[in-house]
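Let's take a walk through this structure together, one region at a time. Please open the model and keep the sequence beside you.

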Amino acid sequence: NLNNGSPGLGPGRSCGTGSVSKGLFPNRKDPSSNCTFPFVPYGTGYIPSDRKSSKTFPDVATLAANLDVFAAWRVGMVAPCASTRVNASWRETGRRTNVSVRASRVVDASLVAPRPRFNDGSDTRFSPLLNGMWTLAGGHGSFEVKEIMEVMQSYARRGYTTFDTADIYGPSERILGDFYEQWRTQEEQPLEIFTKFVPNIFRETCTPKSVEKTVRNSMNMLKVDKIDLVQMHWWDYAIPGMVDAALALTELKEKGLIKSIGMTNMGVEAMDEMWNADVPIVCNQVQFSMIDRRPLNGMVQFCKDKDIKIFAYGSVMGGLLSERFVEEPAKVFGRPRYTNVNLDTSSLKMYWALVKKFSGGSQDLWRELLGVLEGIAQKHGVTVTCVAIRWVMDQGDVYPIIGVRNAKHLEVNEKVLSLVLDIKDQEAIDEVLSRSRGPTGDIYSFERGL
């Protein structure tokens, strides 16, 4: 039973059977492409064919011969997948042509992992690690749009097809729209386009008209006729209109402008208020890491009870949970002394406040945690970043958002999806976390002044 205790397979995730080709190569033109678990029993394998040939996936014996993937499945790391890699191109008619099949022991973990779905019955199937575009909003150095789009293509071709942006992330919606238009003309596997509705509630009142205007503007930027997911952020609970704005998004869903509705940085009480108002919430995007464990103060359980997905940003704290900051301290009068941290990006500046709360105003506990994570990483042959992301995924039905600024995270992503933290790993991490000072409270609480 792959739904029972397997890391990365939380309650409610589909583990049905079906065609691998449909799971690996979902096609918007094929309404039957709804497989969420790419495992093929013998005799049901199917690869789209041209006029001259028809090929099927290997049988179970061949699958078992793919020892690296099959062994990983046996210990609960990933689902098994046939040891066949398929390269295909599609013509305007939707017929898949130029299909080449070659034996391979390498299977991208992003394609093997189950594609989760939302609780509202939509056909959206998103990747277990999402591509985040916040770093394009500024504060992370200059970039060339052409290079960013090439990086986005690299991620999408490796199976990471879900992109998360927002209407306040500078040019990111426009860049994603241009990329989507280019990707669409190539007729490759579909992308999942997620954005956010972040009204400036300090300057203007939200009305159904203003909400629709903002959403339509995002549609134009993203070059879509329907947005897969719109997530709402509300800066201040004391300002009225939050539920009404969410209901306005619900009306746009009924009009066909939005497939699904989510929330961003919402606490348990706010989520419950909107849920009881019949807002069809499918997810809540929150800050979640070993340093910021506030989602464990009620949100994870709330979402589990309602089958709501959690999207986690800040899982590596802008790099603060990475090898970059692993350091042996100097000893000064018997006390550890570390080098000063260069907070050279907006992410580092934002997350540094959390580190100070975690360590009680110093660096000591954070640096001690990094040392523990480095030991675990070396044991598994991965990086500190991998361990930090995997820990977040193991806390429930949680899907991290990883920055898509450059392609260096691709290898990290692959290893995250196959990494299994054992009991000793978790005990070592828990021992350090048990001595932390914060942050405390609900989601985004001290940021809101609560």
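A good place to begin is Tyr444, which lies in the segment after α15. Its backbone is worth a look: phi of Tyr444 is near 55°, a positive value in a residue other than glycine. Is Tyr444 buried or exposed? With a relative accessibility of 17%, Tyr444 counts as buried, because the cut-off for that label is under 20%. The segment after α15 (423–433) also holds Pro439. Gly438 and Pro439 are joined by a cis peptide bond, with omega at about -5°.

Before going further, let's step back to the whole chain. Please keep in mind that this is a predicted model. The protein chain has 15 helices and 12 strands. Of its 450 residues, 51% count as buried. Among contacts between residues at least 6 apart in sequence, 74% join residues at least 24 apart.

Now turn to helix α6, which covers residues 172–186. Its 15 residues, at 1.5 Å a residue, should span 21 Å, and the end C-alpha atoms are 21 Å apart, so expectation and model agree. Which residues of α6 are buried? They are Ser172, Glu173, Ile175, Leu176, Gly177, Phe179, Tyr180 and Trp183. These buried residues pack against α5 (145–157), β4 (162–164), β5 (192–197) and α7 (208–222).

One of those partners, α5, deserves a closer view. Two packed helices are described by the angle between their axes and the distance between the axes. The axes of α5 and α6 come within 10 Å and cross at roughly 55°, which makes α5 oblique to α6. The crossing in which α5 passes α6 is right-handed. From α5, the contact draws on Val145, Ile148, Met149, Met152, Gln153, Ala156 and Arg157, while α6 supplies Ile175, Leu176, Asp178, Phe179, Gln182, Trp183 and Gln186. By type, the residues of this contact of α5 with α6 are 9 nonpolar, 3 polar and 2 charged.

Further along the chain is helix α8, residues 242–255. The same kind of check works here: at 1.5 Å a residue, the 14 residues should span 20 Å, and the end C-alpha atoms are indeed 20 Å apart. In α8, the buried residues are Met242, Val243, Ala245, Ala246, Ala248, Leu249, Thr250 and Leu252. They pack against β5, α7, β6 (227–233), β7 (258–264) and α9. Both β5 and α7 are also packing partners of the buried residues of α6. After α8 comes Gly256, with a positive phi near 95°.

From α9 (268–276), follow the loop that leads to β8 (281–287), where you will find Asp278. Asp278 is not a glycine, yet it has a positive phi of about 70°. Its relative accessibility is 62%, so Asp278 counts as exposed, whereas Tyr444, our starting point, counts as buried.

Our last stop is another helix pair. Helix α13 (residues 384–393) and helix α14 (residues 409–418) have axes that come within 9 Å and cross at roughly 45°. The two helices are therefore oblique to each other, and α13 passes α14 in a right-handed crossing. Where do they touch? Thr385, Cys386, Ile389, Arg390 and Met393 in α13 meet Val412, Lys415, Val416 and Leu417 in α14. The residues of this contact of α13 with α14 comprise 6 nonpolar, 1 polar and 2 charged.

Technical notes:
Residues are numbered from 1 along each chain as its sequence is written. This is a predicted model: local features need pLDDT of at least 70, side-chain atom pairs count only at pLDDT 80 or more; totals for chains, interfaces and linings use all residues. Side-chain values use heavy atoms; hydrogens and water are left out. Axes are lines fitted to C-alpha atoms, for helices over the stretch in contact, and angles run from 0 to 180 degrees between N-to-C directions. Helices (H or I, at least four residues) and strands (E, at least two) are DSSP runs, numbered from the N terminus. Angles under 35 degrees count as roughly parallel, over 145 as roughly antiparallel, 65 to 115 as roughly perpendicular and the rest as oblique. A crossing is left-handed if the near helix is turned anticlockwise from the far one by less than a right angle, and right-handed if clockwise. Contact means heavy atoms within 4.5 Å. Ala, Val, Leu, Ile, Met, Phe, Trp, Tyr, Cys and Pro count as nonpolar, Asp, Glu, Lys and Arg as charged, and the others, Gly among them, as polar. The expected span of a helix is 1.5 Å times one less than its number of residues. Buried means under 20% relative accessible area, exposed over 50%, partly exposed in between (1.4 Å probe, protein chains only).
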